[in-house]
Amino acid sequence: MCGRYASARKRQDLLEEFRIDRDRVTDDLEPDYNVAPTKPVYAVLTRSRSGPGESAGPGDRGSTGAAAADVARELRVVRWGLVPFWAKDPAIGSRMINARVETVDAKPAFRRAFAKRRCLLPADGFYEWLKVEQAGKVHKQPYYIHRADGGGLAFAGLYELWRDKSVPDDHPRAWLWTTVIITTSAEDEVGRIHDRMPMVVDPARWGDWLDPASNDSAHVHALLAPAAASGLASYPVGTDVNYVRNNGPGLIEPLAGDPARLA
């Protein structure tokens with residue numbers, strides 16, 4: 001499972017790192033060290049300018065001069081917690097934060113998005129909780145998991161558009177953009193903490209993963225295997241991350257010692 005992560009890289013850095021053609025972000029997001037469900041997050045995706053939910057505006061500007069092309073790689077802001085297009089109430093999104101890779105192409109909520117609406121979610125690292133016994137009591141100790149070399153991560157995600165029929169077509173909130181993180185079984189460094197982890201897509205596979213024309217389920221699944229668990233490191237952090245109201249780089253500061261060995 002992935003219920004919290006950190007995403008602090010600046011918009012301009014993401015435009016360069018992911019080679020964005022069309023910047024659809026109108027307002028920069030603040031660095032977030034405690035990304036939680038229903039929060040706005042950056043997403044990288046490839047789509048047509050003329051697709052549903054599109055509108056020309058100040059966010060439609062290219063970072064590499066390719067904005068005139070109809071189909072291009074975009075940077076957008078979406079909400080974490082996928083709302084299926086058929087949902088009657090967008091509140092369902094708060095429960096749709098993860099999709100298991102083993103069943104993502106079969107679940108009604110994710111099946112259509114897996115076929116043609118895949119995205120990457122930039123992250124610096126993510127949190128998982130380990131059950132630790134101390135003084136006869138069991139508590140959950142948060143760990144921060146990140147690339148050992150200090151680089152960023154790109155989670156495999158899906159996105160969906162939900163039409164709010166209570167407002168007209170030209171209303172700014174006519175379309176709600178949402179996302180879900182695909183998870184896989186955890187091994188190596190992550191597996192000792194939790195049995196699930198976000199699926200990380202290798203940069204060499206970004207283009208294929210984002211290609212909306214690639215809709216063969218077997219081929220798309222192949223892009224997600226094996227899970228990129230190697231090269232990750234982890235360390236315990238303070239329990240401030242347990243509360244969404246807390247934020248800032250202090251959340252990823254390591255604790256002295258390993259609580260898992262204190263029992």
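This is a short tour of a predicted model, with suggestions on what to select at each stop and what you will find there.

**The whole chain**

Start with the full protein chain in cartoon view. Colour by secondary structure and you should find five helices and 13 strands. Switch to a surface, and about 12,600 Å² is exposed, with carbon and sulfur atoms supplying 51% of it. Of the 263 residues in the chain, 49% are buried. If you like contact maps, take the contacts between residues at least 6 apart in sequence: 74% of them join residues at least 24 apart.

**Strand 7, covered on both sides**

Now select residues 118-123, which make up strand 7. How many of its six residues are buried? The count is six of six. Show the side chains and look at one face, where R118, L120 and P122 are buried. Turn to the other side and you meet C119, L121 and A123, which are buried too.

Next, bring in the neighbours. Strand 4, residues 40-48, runs antiparallel to strand 7 and is joined to it by two bridges. Strand 10 also runs antiparallel to strand 7, here with six bridges. C119 is a handy residue to centre on: L45 stands opposite C119, and in strand 10 the residue opposite C119 is G157.

While C119 is selected, check its cover. C119 has a relative accessibility of 0%, so it counts as buried. Add C2 to the selection: its relative accessible area is 0% as well, so C2 is also buried. As for disulfides, the model has zero.

**Strands 1, 8 and 9**

Move on to residues 125-134, strand 8, and add residues 5-7, strand 1. These two strands run antiparallel and share two bridges. Click on Y5 and look across to its bridge partner in strand 8, F126. Keep both on display, as they return at the next stop.

Then extend the view to strand 9, residues 137-147. Strands 8 and 9 are antiparallel, with 10 bridges between them. Together they form a hairpin with two residues between the strands. Zoom in on the turn and select A135, whose phi is positive, at about 50°. At this end of the hairpin you can also pick out Q134, which stands opposite K137 of strand 9.

**Aromatic rings**

Select the Phe, Tyr and Trp side chains: there are nine aromatic pairs in the model. Centre on Y159 and W177, whose ring centres are 5.9 Å apart; their planes meet at 15°, so this pair is stacked. It links distant parts of the chain, since Y159 is in strand 10 (residues 153-163) and W177, 18 residues away, is in strand 11 (residues 175-185). Are these two residues buried or exposed? Y159 is buried at a relative accessible area of 1%, and W177, at 10%, is buried too.

Stay on W177 and add R76. R76 lies over the face of W177, 3.9 Å from the ring centre. For another arrangement of this kind, go to F85: the charged end of R112 sits over its ring, 3.7 Å from the centre.

Before leaving the rings, return to Y5 and F126 and add W80 and F155. Ring pairs link these four residues into a cluster.

**Two loop residues**

Finish with two loops. Select P84 in the loop between strand 5 (71-80) and strand 6 (98-100). P84 has 0% relative accessibility, so it counts as buried. What does P84 touch, leaving aside residues up to four places away in sequence? Show I92, A109, E160 and W162, and you have its contacts. Draw a distance from the C-alpha atom of P84 to that of R111, and the separation is 9.8 Å for two residues 27 apart along the chain.

The last stop is A213, in the loop between helix 4 (206-210) and helix 5 (217-222). With 61% relative accessibility, A213 is above the 50% limit and therefore counts as exposed. Connect A213 to A115 from C-alpha to C-alpha: the two are 98 residues apart in sequence and 8.8 Å apart in space.

Technical notes:
Residues numbered from 1 in each chain as written. Predicted model: local features only at pLDDT ≥ 70, side-chain atom pairs only at ≥ 80, totals over all residues. Heavy atoms only, no water. Disulfide = S-S within 2.5 Å. Buried < 20%, exposed > 50% of the residue type's maximum accessible area, 1.4 Å probe, protein only. Helix = DSSP H or I, 4+ residues; strand = E, 2+ residues; numbered from the N terminus. Contact = heavy atoms within 4.5 Å. Areas by Shrake-Rupley, 256 points an atom, 1.4 Å probe, with all protein chains shown as cover. Pairing = 2+ DSSP bridges. Phe/Tyr/Trp six-rings, centres within 6.5 Å; stacked < 30°, edge-to-face > 60°. Lys NZ or Arg CZ within 6 Å of the ring centre and 35° of its normal.
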